[in-house]
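The following exercises are to be worked with the sequence and the coordinates at hand. Each task is followed by a solution in steps.

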Amino acid sequence: MPDLNVVRLITRKRDGGALAPDEIEALVAAYTAGDVPDYQMAAFLMAAFLRGLSDDETVALTRAMLHSGVVLDLSDIDGVKVDKHSTGGVGDKVSLVLAPLVAACGVPVPMISGRGLGHTGGTLDKLEAIPGFDVGLDIPRYREVLADVGAVLIGQTGEIAPADKALYALRDVTGTVESIPLIAASILSKKLAEGIDALVLDVKVGRGAFMKDEARARQLAETLVRVGIGFGTPTVALLTHMDTPLGRAIGNGPETAEAVRILKEQTPAGGPCADVVEVTLALAGEMLWLGEAAEDAGAGRRLAAAALRDGWAFGVLQEIVQAQGGDVAALDDPDALMGEPVATVTADAAGFVTDLDPLALGYAAVDLGAGRARKEDDVDPKAGFVLHKTLGEPVRTGDVLAQIYASDPDRADPDAVRAAFTIGHAAPSRRPLVIDRFDGERWEGQESGE
């Protein structure tokens with residue numbers, strides 16, 4: 001597009017008009033090349049934030065960001081390659097269990113993940129709690145590990161979707177992060193660049209999630225699925241609750257230890273950390289169906305449950321750790337991944353845990369050193385909490401509610417953790433963690449068109 005008039009594009013979007021795909025692609029290419037200044041791209045992002053983008057515009061933006069860098073071709077690796085993306089939440093260590101579990105069932109999982117920011121943790125930080133684990137593999141090694149082991153977990157390289165990296169940094173400082181089309185383009189440009197054949201999305205909603213309103217969470221899920229399918233990539237989204245932490249561990253080392261225990265101890269669906277297992281098996285079922293290892297998601301879930309029960313998945317985790325330079329022996333003693341406890345939180349009343357605020361615990365973990373207030377902050381891999389009591393469980397005065405772990409005991413704040421617990425007289429009713437499912441045509445829990 002030789003005559004790119006950025007002001008005209010900004011003005012048209014500001015006034016509610018639509019941009020053609022070639023206009024969006026030219027704008028992103030020029031910005032990535034340094035030919036469009038930040039102030040003009042910021043104006044475009046704000047216009048898009050306020051006026052929205054159609055599905056066609058969102059697809060065009062995703063395509064432009066996707067092709068701003070390398071798009072991997074994994075067609076020479078056997079199998080239907082399937083990945084999963086979560087919109088993030090407190091205690092969400094599902095990827096650490098899910099990737100080896102799905103790979104153990106014969107579906108390759110090429111997973112490019114992110115770091116934690118704000119109150120939510122990141123998969124890369126959790127993996128780095130395993131001594132020596134390298135999340136910075138180059139693309140040739142990434143391909144080798146995927147082919148040899150069946151799963152690989154790395155961070156975004158400079159070769160993959162560089163436009164997304166630049167645009168996200170700009171959105172972060174211009175108040176345009178929460179735009180659903182911009183979120184969808186950011187997520188999918190990275191995921192599609194991995195060379196995947198199908199994608200499963202875990203869109204979380206609730207106090208501990210990025211999306212706190214269910215209507216907007218559904219809108220995000222619908223946009224992600226429709227755009228993914230628009231690229232010819234079969235895509236399914238599950239809507240899951242994030243009103244309480246997922247599992248009993250919060251923080252990188254503690255969450256990694258919990259994930260290892262789930263795989264190592266072959267945790268059943270009704271056992272300890274049942275919520276983590278429930279979400280993991282639901283996502284695994286979808287991945288195994290899309291990966292053609294099961295006739296439907298229900299059969300995929302049963303296959304994944306068997307792989308967990310029989311220990312296949314733990315063996316794959318060991319292979320992943322070894323292939324990516326980690327200390328496999330560290331998996332034998334998960335407790336060592338989270339160091340020594342530095343403080344204990346006890347109950348000052350008896351009753352039941354009637355509420356457990358994930359947002360309060362997420363921010364308490366950041367203050368402890370388990371998360372980042374800024375992208376450049378270091379994290380303490382040992383820092384975090386292990387909850388001894390969770391939602392609905394009975395409590396006596398003096399019972400241990402949580403144990404705090406950290407490299408620096410002075411950063412522990414038991415009062416902040418205790419404040420996240422509400423003790424009442426009656427146990428609350430439990431809601432299913434998986435709220436709904438969207439396949440591009442309808443929500444499973446709704447009639448088409450409703």
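**Exercise 1.** Leaving aside its neighbours within four places in sequence, with which residues is glutamine 403 in contact? Determine also whether glutamine 403 is buried or exposed.

*Solution.* The model is a predicted one.

Step 1. Locate the residue: glutamine 403 belongs to strand E11, which covers residues 400–405.

Step 2. List the contacts. Beyond the neighbours within four places in sequence, glutamine 403 touches Pro341, Ala343, Thr344, Gly384, Phe385, Val386 and His388.

Step 3. Select the polar contacts. The side chains of glutamine 403 and threonine 344 are joined by a polar contact of 2.5 Å. In addition, a polar atom of the glutamine 403 side chain lies 3.4 Å from the backbone oxygen of alanine 343.

Step 4. Classify the exposure. The relative accessible area of glutamine 403 is 14%, and buried means under 20%, so glutamine 403 is buried.

**Exercise 2.** Give the order of the strands in the open sheet of 4 strands, and state which helices pack on the sheet.

*Solution.*

Step 1. The order is E1-E4-E5-E13, with mixed pairing.

Step 2. The edges are strand E1 (82–86) and strand E13 (434–438), each of which pairs on one side only. From one strand to the next, the twist averages 20°.

Step 3. Examine one pair in detail. Strands E4 (residues 198–205) and E5 (residues 235–241) run parallel and are joined by 7 bridges. Aspartate 202 stands opposite leucine 238 in E5.

Step 4. Add the helices. Helix H10 (residues 214–230) packs on the sheet and touches E4, E5 and E13; the direction of H10 makes about 165° with that of E5. Helix H12 (residues 274–290) also packs on the sheet, with E1, E4, E5 and E13 as the strands it touches. The direction of H12 makes about 155° with that of E4.

**Exercise 3.** Compare the expected span of helix H13 with the distance between its end C-alpha atoms, and identify what its buried residues pack against.

*Solution.*

Step 1. Helix H13 (residues 297–309) has 13 residues, so at 1.5 Å a residue it should span 18 Å. The end C-alpha atoms of H13 are 18 Å apart, in agreement with that value.

Step 2. Inspect the ends. At the start of H13, a side-chain oxygen of aspartate 296 comes to within 3.2 Å of the backbone nitrogen of glycine 298. Just after H13, glycine 311 has a positive phi of about 85°.

Step 3. Buried in H13 are Ala297, Ala299, Gly300, Ala304, Ala306, Ala307 and Leu308. The buried residues of H13 pack against helix H5 (94–104), helix H11 (252–264), H12 and helix H14 (312–323).

**Exercise 4.** Carry out the span test for helix H3 and describe its packing.

*Solution.*

Step 1. The 14 residues of helix H3 (residues 38–51) should span 20 Å at 1.5 Å a residue, and the end C-alpha atoms, 20 Å apart, agree with this.

Step 2. The buried residues of H3 include Phe44, Leu45 and Met41. Their partners in packing are helix H1 (6–14), helix H2 (21–32), helix H8 (162–172) and helix H9 (180–193).

Step 3. Just after H3, glycine 52 takes a positive phi of about 80°.

**Exercise 5.** How many aromatic pairs does a search of the whole structure find?

*Solution.*

Step 1. The search finds 1 aromatic pair.

Step 2. This pair consists of phenylalanine 438 and tryptophan 443, at 5.1 Å centre to centre with 40° between the planes, and counts as tilted.

Step 3. Phenylalanine 438 and tryptophan 443 are both buried.

How values were computed. Residues numbered from 1 in each chain as written. Predicted model: local features only at pLDDT ≥ 70, side-chain atom pairs only at ≥ 80, totals over all residues. Heavy atoms only, no water. Pairing = 2+ DSSP bridges. Helix = DSSP H or I, 4+ residues; strand = E, 2+ residues; numbered from the N terminus. Axes fitted to C-alpha atoms, helices over the stretch in contact; angles between N-to-C directions. Contact = heavy atoms within 4.5 Å. Buried < 20%, exposed > 50% of the residue type's maximum accessible area, 1.4 Å probe, protein only. Polar contact = N/O pair within 3.5 Å; in protein donor to acceptor, adjacent residues only side chain to side chain. Expected span 1.5 Å × (residues − 1). Phe/Tyr/Trp six-rings, centres within 6.5 Å; stacked < 30°, edge-to-face > 60°.
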